[in-house]
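Colleague: I have a model open and a list of things to ask. Can we go through it piece by piece?

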Amino acid sequence: MDKTLAIKTNNLTKVYRSFFGRKKVLALNKLNIEIKVGEIFGLLGPNGSGKTTTMKLLLGLIFPTEGNAFLLGKATNDIKTKSRIGFLPEESCFYRFLNADETLDFYGQLFNIPKKERKVRADSLIKLVGLEFARKRPLRQYSKGMLRRIGIAQALINDPDLIILDEPTSGLDPIGTKETKDIISELKKQGKTVLLCSHLLSDVQDICDRIAILDKGTLQVSGTIDNLLSHKDLVEMQLRNLSDETVEELKSFITERDGEIVSIRHPSNTLENLFLKIVQERRKSTDSVTHSQ
Ligand SMILES: Nc1ncnc2c1ncn2[C@@H]1O[C@H](COP(=O)(O)OP(=O)(O)OP(=O)(O)O)[C@@H](O)[C@H]1O
Ligand SMILES: [Mg+2]
C-alpha cells in the first residue's frame, strides 16, 4: 500500500442482518476513500448514513460484508496497528467510579505504558482537555461535555498516529468546541492523521483538509474543502479606509469593464467568535471562577 496513505478502503460494504437474518440494512455501500497521512478528514452525512459503521469497520470492531480496508498500511485486523490508533466512540463507556486520573491510568495500562510515563501523559492530557479542576471527581459526577473531554484524552493516551473521532464536539459548549478544534489542528501539526465525523458543518469546514459526504451508505462527493466550496467565478476582496466616493468610483470602474457586482457589504463577525470573545473576556476579569459544569 502507498506509504502516503493512512486509510484506504476498497468497496467497503456492510449489510446488517437483524435477528433471525430476516431484515437487512445496507449501511455502507462500496465505499472507496483514501485518507493521506497528516491530513484531517471529515466524514459527513445525515443520521443513519453510515459514518459510525465506517469507523467501526476501520477499527475492526465489525466485519465487512464485502470489500476491505487498510490502516497505516495494514489490514484492519492487524493487532500491532491498534496500538497506533486512538478512537473516540460515539458514546464513551467509562467506569463511572474512577476519576479522570484513574481513568487515563487504566487506559494507559491497557497499552502497556510504563507507570511513570502514564502519569506524565495523564497530566498533560488532563491539562489539554481542560479538566484539571475536576480530575479527582468520579466520572459519574461529570457533565456530558466533561465526559466528552475525558473521552478525547483517553483517545490520545497512547500517543496515536491515527486518531478516529466519532462526533468529538457533540455535547461541548462553544469554548469546548473551539478547544477541541484547536487540539485537532495541533495533532495535525504533530504530523498525525485525524478522521472525524460531525454534524457541525462549520466546525468541519474550519479544520478539515478534505471531506466525504455519505448518504444512505453511499459516497456522494469527496474532495478538498477549498475545491468543493469555492466559487471559482467570484472574487472577494476586503478593503479598509475607503471613502463612500472611492467605493462609487470603484463600482463604476468595475461596471465599465463588464464586471458584475454581486454584493458589497460590511463583513460581520461569527456568533462563535462573539461568544468566545465575551466569555473569555469575562473569565479573564474574574480570577476565581467557580466552574458550574
Ligand atoms: N448493529 C446494527 N444492526 C442493525 N442495523 C444497524 C446497526 N448499526 C447501525 N445500523 C444501521 O446502519 C445504518 C447506518 O448507521 P450508522 O450508525 O453507521 O449511521 P451514522 O451515519 O453514524 O448516523 P448518526 O449520525 O445518527 O450517528 C442505519 O440505518 C442504522 O440503523
Ligand atoms: Mg454515528
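Colleague: By class, what residues make up the shell around ligand 1?

Modeller: The classes first: Ala, Val, Leu, Ile, Met, Phe, Trp, Tyr, Cys and Pro count as nonpolar, Asp, Glu, Lys and Arg as charged, and the others, Gly among them, as polar. This is a predicted model, where local features need pLDDT of at least 70, side-chain atom pairs count only at pLDDT 80 or more, and totals for chains, interfaces and linings use all residues. Residues are numbered from 1 along each chain as its sequence is written, while chains are lettered from A and ligands numbered from 1 in the order in which they are written. The shell has three nonpolar, eight polar and two charged residues.

Colleague: How many residues surround ligand 1, and which are the closest?

Modeller: A residue is near a molecule or strand if its C-beta atom, placed from the backbone, lies within 6 Å of it. Around ligand 1 there are 13 residues, and the closest are Tyr-16, Ala-27, Asn-47, Thr-52 and Thr-53.

Colleague: Which element gives the largest share of that shell?

Modeller: Helices (H or I, at least four residues) and strands (E, at least two) are DSSP runs, numbered from the N terminus. Both β2 and α1 (51-58) supply at least two residues of the shell. The largest share is three residues, and it comes from α1.

Colleague: Which strand pairs with β1 through three bridges?

Modeller: Two strands pair if DSSP finds at least two bridges between them. β1 (residues 5-17) runs antiparallel to β2 (residues 24-31), with five bridges, and Lys-14 stands opposite Leu-28 there. β1 is also antiparallel to β5 (residues 66-71), again over five bridges. The strand joined to β1 by three bridges is β3 (residues 34-36).

Colleague: In β3, what is the bridge partner of Lys-8?

Modeller: β1 and β3 run antiparallel. In β5, by comparison, Thr-13 has Glu-66 opposite. For Lys-8, the partner in β3 is Glu-34.

Colleague: What is the strand order in the open sheet of six strands?

Modeller: Pairing in this sheet is mixed. The order is β7-β8-β9-β4-β10-β11.

Colleague: Why is one side of β7 and of β11 left without a neighbour in the sheet?

Modeller: β7 (85-88) and β11 (218-224) stand at the edges. One side of each is free in the sheet because each has a single partner strand.

Colleague: What is the average twist from one strand to the next?

Modeller: Axes are lines fitted to C-alpha atoms, for helices over the stretch in contact, and angles run from 0 to 180 degrees between N-to-C directions. The twist averages 15°.

Colleague: In what sense do β4 and β9 pair, and which residue stands opposite Ile-40?

Modeller: β4 (residues 40-44) and β9 (residues 193-197) share four bridges, in the parallel sense. Opposite Ile-40 in β9 is Val-194.

Colleague: Which strands does helix α6 touch where it packs on the sheet?

Modeller: Contact here is between residues whose C-beta atoms, placed from the backbone, lie within 7 Å. The direction of α6 (residues 174-189) makes about 150° with that of β9. The strands touched by α6 are β4, β8 and β9.

Colleague: Which helix gives the largest share of the largest nonpolar core?

Modeller: A nonpolar core is a set of buried Ala, Val, Leu, Ile, Met, Phe, Trp, Tyr and Cys residues joined through C-beta atoms within 7 Å. Of the 55 residues in this one, Leu-125, Ala-153, Ile-164, Val-194 and Leu-195 touch the most other members. The largest share, six residues, comes from helix α5 (residues 144-156).

Colleague: Is Glu-117 buried or exposed?

Modeller: A residue is buried if 20 or more other C-beta atoms lie within 10 Å of its own, exposed if 12 or fewer, and partly exposed in between; C-beta atoms are placed from the backbone. Glu-117 sits in helix α4 (residues 115-128). Because Glu-117 has 11 C-beta neighbours inside 10 Å, the residue counts as exposed.

Colleague: What is the phi of Asp-258?

Modeller: Most residues other than glycine have a negative phi. Asp-258 lies in the loop between α9 (244-256) and α10 (271-285). Asp-258 is not a glycine, yet its phi is positive, at about 65°.

Key:
Contact = placed C-beta atoms within 7 Å.
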